[in-house]
Amino acid sequence: MMGGMDDHVRRALFYTVLAEAKDGSETTVLPVFNEVAGKHLKPETEFVECASKLSLSLKDLEPLIDSQYDSFANLDSSVRVISWEDPEWPSQTFGTAYCPRFLYLRGDISLLSRPMVSVIGTRTPDLSGKKLCIQTVEALGAKNLVVASGLALGIDGVAHMTALRMGFPTVCVIGTPITKYYPAEHQRLQDEIAAKGLVVSRFAPSLPTQKWYFLVRNRLMSSLSIASVIVEEKDGGGAISQAEYSLEQGRRVCFYQSTLDNSAILWPRKLSERNHVLVARTPISLAKALAPQARQEHIREKAVPPAPKVVPHVPLKRKRKESPVPAGQLSLF
């Protein structure tokens with residue numbers, strides 16, 4: 001049934017099915033999946049063993065596989081699926097909260113190994129904010145720093161379009177599955193980034209987009225980057241959430257003196273008192289400050305995935321008794 005599906009895609013499907021069977025809880029599935037993944041089994045055998053350890057029955061899993069199979073099987077050939085075990089995995093994400101187990105990628109995967117800086121901000125920038133964003137991307141690109149953003153309207157879109165116009169690579173980390181486009185106005189932009197840069201999603205193609213995905217997206221974007229630069233944002237905006245994630249992950253947060261001098265917003269003064277926060281006067285001075293850190297990050301020894309942990313599992317109570325999947329048996333294969 002799944003003979004034509006790539007092993008990476010197959011494993012991602014099985015992982016998604018297991019998580020969905022546990023009410024969408026990756027935190028429940030992840031320790032068991034990591035333990036079994038360390039045995040280097042074939043995907044079907046790995047899946048059956050995980051299911052057995054999670055006390056999931058065949059009846060739990062067959063409908064979920066049937067409902068999600070097509071979304072994975074029909075992934076375009078341009079989509080690459082990678083997991084922790086792959087050499088291309090961005091090791092800087094290890095040890096961060098909500099680190100995804102799989103990534104869905106379109107474009108130049110080598111960009112994941114280059115120093116990256118997130119350029120983020122409001123969806124409704126004024127003219128000075130757009131100009132400052134353009135100058136920021138130009139300065140970062142001139143220092144061979146890869147500009148990342150979230151493909152949203154406003155500052156995100158300006159950052160991506162400026163990088164493309166200047167011939168600099170850019171990475172968009174999206175809050176939808178790799179097969180979806182949001183916002184619709186940026187469909188062409190997303191495709192252009194896939195052709196000239198890299199599109200990154202942590203969400204399985206079978207999952208419906210939910211509002212909270214965009215905050216999880218911001219966590220991933222900040223973990224991929226050595227720093228997050230807030231060009232323009234209002235109090236309570238999404239870029240402020242990413243700033244908090246960046247600081248939590250030990251990354252730098254950057255913004256400009258002109259932003260700090262703006263008395264109409266509170267967040268710059270609150271953030272300026274925190275460690276790992278850089279307040280720059282100009283885009284050029286910002287890029288100069290980040291470039292040495294980028295070189296240091298580039299030569300840092302590659303991290304390795306966390307070691308699998310064997311954790312005791314307490315089966316959930318069921319309304320009716322069902323037998324777990326017997327090891328090595330599943331009628332679909």
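User: What marks Gly-250, just after α9, in its backbone?

Analyst: Gly-250 takes a positive phi of about 80° and comes just after α9, a helix in the sense of a DSSP run (H or I, at least four residues), with elements numbered from the N terminus. This is a predicted model, in which local features need pLDDT of at least 70 and side-chain atom pairs count only at pLDDT 80 or more, whereas totals for chains, interfaces and linings use all residues. Residues are numbered from 1 along each chain as its sequence is written, and side-chain values use heavy atoms, with hydrogens and water left out.

User: Why is Cys-254 called buried?

Analyst: Buried means under 20% relative accessible area, exposed over 50%, and partly exposed in between (1.4 Å probe, protein chains only). Cys-254 has a relative accessible area of 0%, and is therefore buried.

User: What makes Cys-99 buried?

Analyst: The relative accessible area of Cys-99 is 12%, so Cys-99 counts as buried under the cut-off of 20%.

User: Which residues of α9 are buried, and what do they pack against?

Analyst: In α9, which spans residues 238-248, the buried residues are Ala-239, Ile-240, Gln-242, Ala-243, Tyr-245, Ser-246 and Leu-247. With contact meaning heavy atoms within 4.5 Å, the buried residues of α9 pack against β3 (116-121), α8 (213-224), β7 (227-232), β8 (252-256), α11 (267-272) and β9 (277-280).

User: How many disulfides does the structure hold?

Analyst: The structure holds zero disulfides, where a disulfide is a pair of cysteine sulfur atoms within 2.5 Å.

Technical notes:
Helices (H or I, at least four residues) and strands (E, at least two) are DSSP runs, numbered from the N terminus.
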